Amino acid sequence: MTPRKTPPPALVVALVLACASLMTLDAGTGGGSAVEPARRMVGEVFGPIEAGTSAVVRPIAEIPDWFRGHDSMRDEIDDLEAENAGLREQVRTSGFDRNRLAEYDGLTAAANDLGYALVPARVIGLGASQSFSATVTIDAGSAAGLHPDMTVLNNDGLVGRILRVTRTTATVLLIVDADSTVGGRVGDTMDLGFLTGQGETGADGGLDLRLVDQSVVPDRDATIVTWGSENDAPYVAGVPIGRVTEVYSDLRDSSQRAEIEPFVDFAALDLVGVVVPSGSESDRAVIEADGSLER
Amino acid sequence: MTSMRALGATVALTAALVLQVSVFPHFAWHGVVPNVVLLVVVGAALVRGAQFAMVLGFIAGVLLDLAPPADHIAGRWALALLLVGYVAGRVAPDGRPTLPAVLATVAASSFLGTSVFALSGLVLRDPAVAIPDLLEVIAGAVVWDLLATPLVLPLVMGLFGRLEPERVATR
């Protein structure tokens, strides 16, 4: 019997050093990381494989759904769900819209806010919780007209923003990631604040809201919408994010922290839309702001 | 033969990575999925010993660090799986491993791998996660990996065993 091969210490040291230098390279100076080209290369290879596997697996994962109803029933359910989501969004943003009108936001801002189109995409890969970051891969990339720092949403609300793209895929940072910060405002009172993810993708993942004016206590069930960034990157304004479920007051420094339950169900994320400027070039049909499809 | 081995290892790693990223999330518990890539490294360690498993663990880790949708600092899974390969290779019994031995190795490796990854995150502040959440994920990962063992390890061990006939001959 051959003895178990014990690895030579030199190899152990070399590999550990390789890991350390990788981390240093990636974590090093801010801005573009030196590992980014490698990430993109691996992404170009694995993107299509993930997309193909997803296409095969999706029908199998949906088998339980088939038992619930006939095709026609499924269509009906889809229609009702879409209608419901539309109505819910109207209700959620009504306070925000009213305030915007009251503040005489003006036609320019409205045109700016509504003049975007959506590139539809499906989720083809989810990061495991073991990696402690909430990211997903979607099956649209630079060929579909996407680039980093674009807003991703679905018909329930804000999903996240694009971190990096390959030709056919893009990596999305979900708003529940612990590294994600979104500028939000309370729809009813227009108070500004920042939302930070709690780092859990499961059904109980949420966000923390800290208002800029620390004396304001947000109402329970108040809707939080995005505040919007300059040039609509990374987040466009007025997308519903979630509702306030719990408010904690810190007596020591008299600040408030509110817990937000996101409208989006991150455990069952599938069809999403990426906000692109109206009239963008894309490899697929783009949903324009007025609901028409542009090819 | 070396090229065959490299090919076999590449196919196993690719399949494991895609399973983990695109298939198992449909059955995830709180976002925790079976770490199939880690199971491949453990399987290699049981059949081929520490040196091979360590190198394979490093390569597998780098892939896991770079393939979408990964966004953590690259090198963290590489370090974790490198240690998993090393330790699993050292503790693996000589000869044909028994079922309890395999399960124990998987549980220990899963705990070690996820913990090392989590600890490196704490050190690098990437992202800062609370300790109770870490423990919950680590426990979930061990359970999932044990559940996936009967499905994955026989395949992996069969593959790596077949790619090394000289060792089979010495049995």
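**Chain B: a surface patch and the interface with chain A**

Let me begin with a single residue, B:Ile131, whose place is in helix α6 of chain B. Please keep in mind throughout that what we are looking at is a predicted model. With a relative accessible area of 45%, B:Ile131 counts as partly exposed, because that value lies between the 20% under which a residue is called buried and the 50% over which it is called exposed.

B:Ile131 also belongs to a group: together with B:Leu119, B:Leu122 and B:Leu135, B:Ile131 makes a nonpolar surface patch of about 360 Å². Two elements of chain B each give two or more residues to this nonpolar patch, namely α5, which covers 99-124, and α6, which covers 131-162.

Let me now turn to the interface. Chain A and chain B bury about 4800 Å² between them, and 67% of that area is on carbon and sulfur atoms. Chain A brings 52 residues to the contact, while chain B brings 61 residues.

What about charged and polar pairs across this interface? The count of salt bridges between chain B and chain A is 1, and in that salt bridge the side chain of A:Arg164 meets the side chain of B:Asp71, at 3.0 Å from N to O. As for polar contacts, 11 residue pairs are found across the interface of the two chains, with both residues at pLDDT 80 or more.

On the side of chain B that touches chain A, the elements giving two or more residues are α1 (2-23), α2 (36-48), α3 (50-66), α4 (76-91), α5 and α6 of chain B. The largest share of that side comes from α3(B), with 9 residues.

Notes: Residues are numbered from 1 along each chain as its sequence is written. Chains are lettered from A and ligands numbered from 1 in the order in which they are written. This is a predicted model: local features need pLDDT of at least 70, side-chain atom pairs count only at pLDDT 80 or more; totals for chains, interfaces and linings use all residues. Side-chain values use heavy atoms; hydrogens and water are left out. Patches are made of residues with over 30% relative accessible area and no salt bridge: like charges are joined within 9 Å, nonpolar side chains (Val, Leu, Ile, Met, Phe, Trp, Tyr) within 5 Å. Accessible areas come from the Shrake-Rupley method with a 1.4 Å probe; for residues, only the protein chains shown count as cover. A salt bridge is a side-chain nitrogen of Lys or Arg within 4 Å of a carboxyl oxygen of Asp or Glu. Helices (H or I, at least four residues) and strands (E, at least two) are DSSP runs, numbered from the N terminus. Buried means under 20% relative accessible area, exposed over 50%, partly exposed in between (1.4 Å probe, protein chains only). Contact means heavy atoms within 4.5 Å. Buried area is the accessible area (1.4 Å probe) that two parts lose on being put together, summed over both. A polar contact is a pair of N or O atoms within 3.5 Å; within protein, one must be able to donate a hydrogen and the other to accept it, and residues adjacent in sequence count only if both atoms are side-chain atoms.
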